[in-house]
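Thank you all for coming; I would like to take a few minutes to walk through one model. Please have the sequence and the structure open while I talk.

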Amino acid sequence: MDFLRKIYIILIIISLSINLLSADIQYSFLLDKSAIPSDVFMRKITLKVHLGNCSSCTVEVDGNSIPAVYNSATKLCTFNVDDNNASVVVVTGINYTGGATGACTKATLYNDKKWAYSFTFDDDYDTQYTVAYPVFQEKGYRGGIAVITSTIDSGGAYMTGTHLDALYAAGWSIFNHTVNHVDDGTGGYSGIRCSGSQYTIFNQILPAKQWIENRYPNYINTYYVYPYNDMNYKSCLMEQNWFLGAESIVGDNYVDTFPNTDARYELRRQQFYGIDIVTFNGWADDAANDSRPRWLIAFTHSVLPKNEPPSTYFTNEDTLRAHINYIYNTYGEGSTRNDMWFAPSDEVLMYLFTRQYLNVTPYTLPTSTPTPTGTWYTSTPTNTGTATFTATNTSTNTSTVTPTDTPCGWTTLYRVNCGGSQYVDTQGFTWAADKAWTTGSWGYVGGNTANTPNSINGTQDDPLYQTERYGSSTYRFTVPNGNYIVRLLYAEFYCTTSGCRIFSVDADGTRIISNLDIYSKAGYCAAYEEMHNVSVSDGELTLEGIVGSVDEPKWSAIEVIQINSCSPTATLTFTETNTIVVTNTLTNTFTNTLTSTNTQTVTYTKTLTDTDTITSTSTRTFTFTNTSTRTNTLTFTSTTSSTITRTQTETVTGTQPPTWTFTDTSTNTYTQTNSSTPTQIYTNTQTPTHTVTGTSPATWTNTNTFTATVTLTWTYTFTRSATQTATLSYTFTHTETMSFTVTYTNTTVFTSTLTPTNTFTPTASETITDKLDFNKNYLIITYPNPISKNKDLKINFYLTKTANFYTFKLYTVSFRFILEKKEEKLFKAGENEIIIKYDECLKKLAKGTYYYIIIIEDDKGKKVISKIQKFMIL
């Protein structure tokens with residue numbers, strides 16, 4: 001029995017030891033949002049705090065509990081702060097046993113997801129509400145509508161205002177797609193310009209922004225979508241600073257670094273056209289499995305019901321549902337991975353702004369300062385103690401190595417228009433005029449120049465390809481050591497056959513292009529591009545054209561892009577630590593004196609206002625009583641360490657707030673506490689609400705409303721004594737507010753007005769001109785599109801005069817020339833058709849997207865070249 005009793009006692013001791021070793025740990029942080037741009041009206045952020053070894057964690061934001069998740073593997077407590085006005089965050093690790101750093105980091109994406117996906121619907125077709133919205137709603141997903149404001153409620157295929165309002169109420173975003181989506185008739189590009197045009201940013205974009213914000217007063221239109229992907233006015237739109245960013249051309253986006261202004265006004269997206277579900281699902285696979293966090297944006301126009309065959313630029317319901325189900329079950333909430341954040345584009349962009357400009361710093365919770373609230377006198381024998389303090393200040397230097405991540409990304413150092421003058425391209429980038437080499441700068445060494453007036457196929461930036469530097473020539477660029485991408489642009493306007501010009505290119509002595517034949521790659525007067533990675537270790541990048549087996553090397557344009565490093569760098573920080581040792585020796589002398597005891601009470605009041613509910617929260621009052629007792633000598637040592645780190649990093653370290661240890665002591669203490677009583681406050685508020693629709697009489701309704709408000713008050717009371725005694729009390733303040741509301745009701749009176757309308761019906765006629773050209777009033781129509789097996793491709797177009805020959809040239813999506821068909825055919829002034837036989841030209845082609853141009857020639861040798869056209873093969 002004695003043995004069992006000993007074992008029992010040992011187990012009790014072990015249990016008590018474990019309880020003493022495990023305790024809670026707490027860190028607090030201040031969220032400073034002052035640097036976030038005012039247009040960012042959604043300022044939610046996901047934070048992660050390192051708590052070491054704990055059983056769980058809790059989080060309070062301004063005194064309110066929010067959900068939090070503790071990961072025992074990473075030791076991180078992760079939580080979302082969605083309140084735009086949040087200021088103080090308190091994170092507590094439950095049953096803490098060690099290993100915490102208190103480091104707080106901002107997650108790359110909301111809810112700590114790996115990649116983001118957004119879906120935009122252009123041109124506000126009503127099927128986006130009637131067909132697409134239910135598909136999204138099944139999975140709880142939200143998208144964005146790019147609105148042409150003049151088409152809302154205009155009838156036909158466009159969306160009604162009621163449907164647009166319903167999407168907004170469901171959390172969908174509303175994007176700016178101009179007032180009229182204008183086209184100047186030059187081949188499918190918008191006529192919007194900065195100024196000096198019929199359509200400018202001031203009469204097409206600004207009014208649309210005002211329309212959206214007037215219709216939805218709590219919403220700021222921060223996001224723009226370019227009509228026709230026309231980028232000619234991007235720079236002046238950026239200068240106006242109306243938007244945080246804009247969607248433009250095809251491509252991918254990365255979110256591990258904050259995009260610069262230029263990149264934010266060129267957010268890339270993918271075309272969700274047709275029924276190619278394999279390609280659509282492949283976008284998600286690529287984004288989800290990328291080593292860097294990617295942001296995928298898809299867009300389409302009308303969504304046809306069920307499996308109805310879609311025309312160009314559209315898709316159908318079955319295809320959209322299949323894709324949404326795929327991403328939901330593979331990467332979304334229906335999967336085990338669950339690492340995709342699906343949200344409208346402007347919401348993702350506002351998260352990136354919040355992540356960039358939110359400042360998170362350690363915060364110490366406020367401490368109390370005693371203020372007297374009552375005085376009383378007692379006649380008691382009192383011990384008078386004389387205290388002697390000895391302080392020793394020891395200063396030490398401690399070195400700390402802090403890893404600092406250098407943002408990844410790319411920076412263009414040089415853009416050169418070889419053999420030509422300065423040129424600003426269609427994306428707003430400036431290409432410098434060609435110049436000779438100078439030390440410490442850049443330029444060419446050797447060579448001659450040539451140019452052509454011919455238009456260049458496959459590009460909108462013809463001037464970059466219409467000039468060249470040819471012959472034995474070299475380009476030298478002064479650059480920092482590091483990694484680069486060299487982008488070389490070419491167009492062959494001298495050779496008209498393959499094998500006419502063959503040359504190579506070396507970068508710093510390393511061969512990057514071997515035996516290049518531009519004509520065989522792209523054809524005559526067609527854009528061709530090469531991109532290569534280059535490393536520089538001597539401060540200079542040298543590109544040398546190497547003479548090949550035929551003719552001489554040439555350059556059309558050169559772009560040098562620096563690749564920024566992603567690897568962390570170590571920062572050595574010296575921290576000064578001050579250690580203060582305080583020794584307190586108390587000598588007691590017994591005297592019988594009249595002693596005055598003063599009880600001091602500190603009261604903190606924090607008022608929380610909730611407009612929807614009444615919450616009664618307890619108020620804690622702490623009372624500390626100091627009582628002098630007879631002892632011999634009391635000696636204690638207090639050590640305070642202070643660390644100052646002067647390193648700006650993404651990671652901030654919290655400071656554990658002070659804790660109190662309470663000891664029960666039997667004392668006779670009288671505490672006088674002033675408490676407040678409920679006070680009724682009468683408030684007369686007159687709020688006129690005006691709804692103006694048509695012409696109507698007005699009625700006024702007076703409404704008296706009583707609003708009960710509970711004010712939460714914390715009261716801390718301290719009473720001096722030799723030991724600390726805690727007293728918990730609660731104080732409630734109940735306030736009732738009566739508000740007087742005046743409501744204005746407008747009753748619509750409908751008036752029927754008959755307005756005579758004159759309708760004119762034009763009669764089509766053929767116009768004969770001397771200039772061979774495509775009629776700008778009619779589009780080149782490709783049908784069927786997409787084309788399936790054994791179907792011939794038909795091309796309809798209008799000419800201004802008669803012609804005798806045509807040439808059909810076919811290219812891949814990367815503009816690689818793959819086929820040419822020439823034929824003599826009589827064309828009339830007016831509508832014409834060309835048929836490209838499937839068995840003759842298209843049978844051997846793989847499924848996918850292709851581009852083509854047609855060249856029309858008359859009997860005098862005059863030619864006209866079409867804009868680039870596109871079709872798909874299924």
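**Tyr 783 and its surroundings**

Let me begin with a single side chain in what is, I should say at once, a predicted model. Tyr 783 has a relative accessibility of 30%, and because partly exposed covers whatever lies between buried, under 20%, and exposed, over 50%, this residue counts as partly exposed. Tyr 783 belongs to strand S44, which runs over residues 781–783, and together with Leu 779 and Ile 781 it makes a nonpolar surface patch of about 300 Å².

From there I would like to turn to one of the sheets. In what order do the five strands of this open sheet lie? The order is S27-S30-S35-S32-S33, with antiparallel pairing, and the edges are formed by strand S27, residues 442–445, and strand S33, residues 510–516, each of which pairs on one side only. If direction is ignored, neighbouring strands in this sheet are turned by 15 degrees against each other on average.

At the S27 edge, the pairing with strand S30, residues 474–478, is antiparallel and extends over four bridges; for Tyr 444, the bridge partner in S30 is Tyr 475.

Finally, the protein as a whole. There are 12 helices and 51 strands, and of the 874 residues, 42% count as buried. The exposed area comes to about 45500 Å², with carbon and sulfur atoms supplying 51% of it. As for contacts between residues at least 6 apart in sequence, 77% of them join residues at least 24 apart.

Notes. Residues numbered from 1 in each chain as written. Predicted model: local features only at pLDDT ≥ 70, side-chain atom pairs only at ≥ 80, totals over all residues. Heavy atoms only, no water. Pairing = 2+ DSSP bridges. Helix = DSSP H or I, 4+ residues; strand = E, 2+ residues; numbered from the N terminus. Axes fitted to C-alpha atoms, helices over the stretch in contact; angles between N-to-C directions. Patch = residues over 30% accessible without salt bridge, like charges linked within 9 Å, V, L, I, M, F, W, Y side chains within 5 Å. Areas by Shrake-Rupley, 256 points an atom, 1.4 Å probe, with all protein chains shown as cover. Salt bridge = Lys/Arg side-chain N within 4 Å of Asp/Glu carboxyl O. Buried < 20%, exposed > 50% of the residue type's maximum accessible area, 1.4 Å probe, protein only. Contact = heavy atoms within 4.5 Å.
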